[in-house]
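Work through the exercises below with the model open beside you. Try each task before reading its solution.

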Amino acid sequence: LFIIGELINGMYASVGKAIRAREASVIQERARAQVAAGAHALDVNCGPASRNPVADMPWLIEVIQQVVSVPLSLDSSNPSVIEAGLKVARSPAIINSTTADPDKLAALIPLAKRYGARLIGLTIDARGIPHNKDQRLQMAAQIVAACAEQEFPIGDVFIDPIVVPVNVSQAQISDILEAIREFRIISDPAPHVVVGLSNVSQGTAVRSLINRTFLTMAIACGLDAAILDPLDTELMNELITAELLLNKQIYCDSFLNAYRKG
Ligand code: THG
C-alpha cells in the first residue's frame, strides 16, 4: 500500500497555529515522525482557516523538504494553491486533487503534465458527492478519459471514491467498497485507487477501530494507496497483516518487524 501521511493539515489545531506563527519545528516534527512510521509520501493541507494558502502552501513545502525527502501531496481545492506548491516541491509531487468537472480537469491535467506530478481524481463534480456506485464509476471513467485524451499516463492517476463518515452515510460504505473493486477494471492499464481513510470515522467514538476495519476491507477490494495516520500502530499492524494475507508481503514469523525494516 502506498501510504500518504495525513498529519500535516491545518485542520489540526496545533498545525493551524504553527502555520499562522511560521513555527517550522511543529511541522518538521510531524514530517519526521510520519516518515519514520512508514509513510511513503506526506499530504500537505493548509486547512480551512488559512487566510493566505497561496503563501502558506510553499512555506509548508519548504520546511518539510528541509527534513524529509518523500514526495508531497499538495492538498487543496484551489488550483492556484496547488501551482504555488508545485513551483517549490521536489519532483514527483502529487496533485491532491482534481474533480471530474471539465473545468478542473482542463486546468489540472496540464499542470500535472508540466510538473511531472501524479494526479488524484475525486469522483465528485458540480453536483456534489455521489450517492451510489454507478455515479462514482461514471466520474472515474470521465477522469480517466480526460487523462487519456491529454496523453497523461493512467499509471500516474489515483481515483478517490470519496469516503463519507459511517455515522452520516452508513449505506454508502459498501457502495464505496464495490466502486473500489470496479475502478481497477475501467481501463488497462488501471488507475490506482486512494482514499482519505479517516473520513470514515469522523465524528464517531471509536475512530481507530473503524478506520482499520474499513482499511482491511478496502485493501481486499484492491485499494493500493491511502491517506492515513501512520502513527496509529494498530492501524499499521492491520495494514501490514492484510497485505500479508493477500500475498502482497512475504510471510515470516516476524513479518511486522520485517515490514518496518523495509
Ligand atoms: N481524499 C483526498 N484527500 C483528502 C481527503 C480525502 N485530504 C483531507 C482528508 N480527506 C484526509 N485527511 C484527514 C486529516 C485529518 C482527519 C481526517 C482526514 C481528521 N481530523 C480530525 C477530525 O476532524 O476529527 C482533527 C482532530 C483534531 O483537531 O485534532 O479526522 O478523502 N484525496
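Two strands pair if DSSP finds at least two bridges between them. Helices (H or I, at least four residues) and strands (E, at least two) are DSSP runs, numbered from the N terminus. The model is predicted: local features need pLDDT of at least 70, side-chain atom pairs count only at pLDDT 80 or more, and totals for chains, interfaces and linings use all residues. Residues are numbered from 1 along each chain as its sequence is written, and side-chain values use heavy atoms, with hydrogens and water left out.

**Exercise 1. Trace the pairing around S7.**

Find the bridge partner of glycine 196 in S8. Then place S7 in the sheet.

Solution.
- Step 1. Glycine 196 has isoleucine 227 of S8 as its bridge partner.
- Step 2. S7 and S8 (residues 225-228) run parallel and share three bridges.
- Step 3. On the S6 side, S6 (residues 157-160) pairs with S7 (residues 192-196) over two bridges, also in the parallel sense. Here isoleucine 159 is bridged to valine 193 of S7.
- Step 4. Now go around. Eight strands close into a barrel with parallel pairing, in the order S1-S2-S3-S4-S5-S6-S7-S8. From one strand to the next the twist averages 25°, with axes fitted to C-alpha atoms (for helices over the stretch in contact) and angles taken from 0 to 180 degrees between N-to-C directions.
- Step 5. Check burial, where buried means under 20% relative accessible area, exposed over 50%, and partly exposed in between (1.4 Å probe, protein chains only). S7 is largely enclosed by the rest of the structure, because four of its five residues are buried.

**Exercise 2. Assign the crossovers and the helix contact.**

Which handedness does the unit of S6, H7 and S7 have? What do H7 and H8 bring to their contact?

Solution.
- Step 1. Use the rule: with the strands pointing away from the viewer, a crossover is right-handed if the path from the first strand over the helix to the second runs clockwise.
- Step 2. S6, H7 (residues 172-183) and S7 form a right-handed β-α-β unit. The β-α-β crossover from S7 through H8 (residues 207-220) to S8 is right-handed.
- Step 3. The H7 and H8 axes come within 8 Å and cross at roughly 35°.
- Step 4. List the contacts (heavy atoms within 4.5 Å). Ile173, Ile176, Leu177, Ile180 and Arg181 of H7 meet Phe214, Met217, Ala218 and Ala220 of H8.

**Exercise 3. Describe the cores.**

How many residues has the largest nonpolar core?

Solution.
- Step 1. A nonpolar core is a set of buried Ala, Val, Leu, Ile, Met, Phe, Trp, Tyr and Cys residues joined through side-chain atoms within 4.5 Å.
- Step 2. The largest has 75 residues, and those with the most contacts inside it include Ile27, Ile64 and Leu215. Helix H6 (residues 133-149) gives the largest share, seven residues.
- Step 3. A second, separate core has 12 residues, among them Ile94 and Val194.

**Exercise 4. Inspect the backbone.**

Where are the cis peptide bond to proline 189 and the positive phi of isoleucine 162?

Solution.
- Step 1. Most residues other than glycine have a negative phi, and most peptide bonds are trans.
- Step 2. The bond from aspartate 188 to proline 189 is cis, with omega near 5°. Proline 189 lies in the loop between H7 and S7.
- Step 3. Isoleucine 162 has a positive phi of about 65°. Its place is the loop between S6 and H7. Isoleucine 162 is buried, at 11% relative accessible area.
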